[in-house]
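Biologist: Please take a close look at one part of this model, the largest cavity. What lines the cavity, and what does the rest of the fold look like around that account?

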Amino acid sequence: MRQQLFLFVMLCVVYNGYAQQQRITNQTLPSGWTFGVNSGVSFVEKSNENSLFRGNSMATQMFGRYYFGNVGIGVTSGIVAGAINNAALNKFLTERKWQQGQISKSNPFNSYFLFGPSYKFGERVMVNAELQGGIFINNPGSITISQPGAVRSLYRFEGAERNLFPGFSGNISLAYPINSSTRFILNTGYLQTKSSVNLYDPQRGIEMATEQESQVKQFTVGLSSTK
């Protein structure tokens, strides 16, 4: 949690340094730098036990790009405040033939810092594409399923000690001019990394909490505008 708070504060400092130049999302400065903030929705590839019952959630991204003509370098930081998919969790209970018991849970949370090449083309409609890699701080959340009066839980996972993982992102954005000074932007992206949990599942023979890794795959869609 301390690492996540530190990264969030760092992002705020980076953003506030340029907030006086912009109110909504981004602006191209004379130096060739472009800074911005995108907000949107994060969609999981598939919500089930393998993805730790992750559901759709909100995502916020801050970025900076410097171009040498049409080719440049991009730096991106972001946070994805996750959620548990209750429908996927209830399906899991049905498959295990467990009655609805006591369930305690906490939501996942991801933050990241990435960098990599960026490419733009087009005149009236500007297209930007980039592929970036870097480091993620991943909190998978937790779920505990138990029956009333039972001494031991039926199923449990929680975050392991390790929460730093490599990962990558691919993004494409379309900027459409509304007038001579304003552009409407559609941002789409894909994030992939890993998360580590301590899993306790006696029904499958895991009698002691064992560390296991899970893939984190998310699609993001966001809207913004430039002025």
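Modeller: What follows starts with the overall fold, goes to the cavity, and then turns to the nonpolar cores and one strand residue. Bear in mind that this is a predicted model.

The protein has twelve strands and two helices. Read from the N terminus, the order is α-β-β-β-β-α-β-β-β-β-β-β-β-β. Of the 227 residues, 44% are buried. Take the contacts with a separation of 6 or more: 66% of them join residues 24 or more positions apart. The exposed surface comes to about 12400 Å², and carbon and sulfur atoms supply 59% of that area.

Now the cavity. Searching the whole structure for cavities of 30 Å³ or more gives one. The volume of the largest cavity is about 200 Å³. Its lining counts 21 residues. Nearest the centre lie Asn38, Gln61, Asn171, Asn187 and Thr220. By class, the lining has 13 polar residues, six nonpolar and two charged. Six strands each supply at least two lining residues: E2 (33-44), E3 (54-68), E7 (126-139), E10 (164-177), E11 (183-201) and E12 (206-226).

Next, the nonpolar cores. In soluble globular proteins, nonpolar side chains tend to be buried together. Here the largest nonpolar core holds 15 residues. Phe53, Ile143, Ile145, Tyr155 and Phe157 touch the most other members. Two or more residues each come from helix H2 (86-95), strand E8 (142-146), strand E9 (155-159) and strand E11. H2 gives the most, with four residues. Strand E11 thus appears in two places, in the cavity lining and in this core.

Tyr155 deserves a closer look. Beyond its neighbours within four places in sequence, Tyr155 contacts Phe53, Ile143 and Ile145, among others. Its partners also include Phe92, Trp98 and Leu199. Charged partners are there too, including Glu49, Arg96 and Asp201.

Another core lies apart from the largest one. This second core has six residues, among them Ala59, Val80, Tyr112 and Leu191.

Last, Val75, in strand E4 (residues 71-84). Is Val75 buried or exposed? Neither: its relative accessible area is 29%, so Val75 counts as partly exposed. Leaving aside neighbours within four places in sequence, Val75 contacts Met62, Phe63, Gly64, Phe113, Leu114, Phe115 and Gln132. Gly134 is 59 residues away from Val75 along the chain, and their C-alpha atoms are separated by 9.7 Å.

Conventions:
Residues are numbered from 1 along each chain as its sequence is written. This is a predicted model: local features need pLDDT of at least 70, side-chain atom pairs count only at pLDDT 80 or more; totals for chains, interfaces and linings use all residues. Side-chain values use heavy atoms; hydrogens and water are left out. Buried means under 20% relative accessible area, exposed over 50%, partly exposed in between (1.4 Å probe, protein chains only). Contact means heavy atoms within 4.5 Å. Accessible areas come from the Shrake-Rupley method with a 1.4 Å probe; for residues, only the protein chains shown count as cover. On a 1 Å grid over the protein atoms alone, a cavity is a set of points where a 1.4 Å probe fits but cannot get out, and a pocket is an open set with protein on both sides within 12 Å along at least five of seven lines; lining residues have an atom within 4 Å of a point. Grid points are joined across faces, edges and corners, and a volume is the space filled by probe spheres set on the points. A nonpolar core is a set of buried Ala, Val, Leu, Ile, Met, Phe, Trp, Tyr and Cys residues joined through side-chain atoms within 4.5 Å.
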